[in-house]
There are 2 protein chains.
Amino acid sequence: MEYSIGEFSKLTNLGIHTLRYYEHEHLITPGRNSNNRRCYTDKDLTWIDFIKRLKDTGMPIKEIQHYAELRAKGEPTLSERMEMLISHRKTLNEQINQLQEHMKKLDEKIEFYQRQIESITRE
Amino acid sequence: MEYSIGEFSKLTNLGIHTLRYYEHEHLITPGRNSNNRRCYTDKDLTWIDFIKRLKDTGMPIKEIQHYAELRAKGEPTLSERMEMLISHRKTLNEQINQLQEHMKKLDEKIEFYQRQIESITRE
DNA sequence: ATACAATGTAGAGTAAACTCTATGTCAAGA
DNA sequence: TCTTGACATAGAGTTTACTCTACATTGTAT
């Protein structure tokens, strides 16, 4: 299937301005039809989903850009891309660990508040 | 103990510009000495650590601002603050779950790459 | 006495990632 | 034929959270 930018925008939940911005930043390169309109494919959909995953895990656009560049070069860059992902996996892991630590402290604070409120209510 | 902005900056790993910015945004209100210099206390240190925790878990400055406002009003706002933390706890939990999901997908992708690379190497 | 280092204020500048505006083209329906 | 509505480009504007600059003041070491 092929999609116009409007359709693709709905499928991806990314505004059409954002899609054009991503193209401008070379993250994605949709084809064009005879009228110069963008033609997105299902492959683009998979790719955008992956971009969103990288973004959601804190990878900056610049780095995704680099990944996209390697991807465009195809097979010879496979291992370099894998190394990027492995390194990203590491930071993601650290991120999760830190958030869990924060969660623990937050829980402690909430418990503290709970005790405070109880002791005031009892007065 | 009391600290000058320079000392406090080192203790907190926040630049002095950032500390003044936080003050401007009413996140923290250090006392002043006779010469109008800022005087940070150990209580400020604990508070800044908590601010950092909220920031690191994705709470925007505006919301921390609101929390700080309630905190300044003292005891009567205890339960409202606790509710904020409970609600934040929920989003933090969702955040962690989503990152774990992303991690899973990332691992799958890495494994896929590994197999690709192996099959090419064997050629 | 004077130079220096840290501090003060006010306001400008920066970076990232969008988001919007102005203006123009073009195919399809009334 | 005329008018929408979706799309195109180029470039300006926005938001968040800093970060820096310019300039004034002040306590301390030489």
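## Ground rules

A residue is near a molecule or strand if one of its heavy atoms lies within 4 Å of it. This is a predicted model, where local features need pLDDT of at least 70, side-chain atom pairs count only at pLDDT 80 or more, and totals for chains, interfaces and linings use all residues. Residues are numbered from 1 along each chain, chains are lettered from A in the order in which they are written, and side-chain values leave out hydrogens and water.

## The surface near DNA strand C

With that in hand, let's look at the DNA. Of the DNA strand C atoms within 4 Å of the protein, 76% are sugar or phosphate atoms and the rest belong to bases. Strand C is surrounded by 16 residues, and A:His17, A:Tyr22, B:Ser4, B:Arg32 and B:Arg38 are the closest.

Which element gives the largest share of this surface? That is α2(A), with four residues.

## Phosphate contacts

Three side chains make polar contacts (pairs of N or O atoms within 3.5 Å) with phosphate oxygens of strand C: A:Tyr22 at 2.9 Å, B:Arg32 at 3.1 Å and B:Arg20 at 3.2 Å. Two elements give two or more residues to the surface near strand C: α2 (16–24) of chain A and α1 (5–12) of chain B.

## How the two copies relate

Superposing chain B on chain A takes a rotation of 180° with 0.0 Å of shift along its axis, at RMSD 0.1 Å (least squares on C-alpha atoms with pLDDT of at least 70 in both). The copies are therefore related as by a two-fold rotation axis. In chain B, the C-alpha of B:Ile96 is nearest the axis, 3.1 Å from it.

How values were computed. A polar contact is a pair of N or O atoms within 3.5 Å; within protein, one must be able to donate a hydrogen and the other to accept it, and residues adjacent in sequence count only if both atoms are side-chain atoms.
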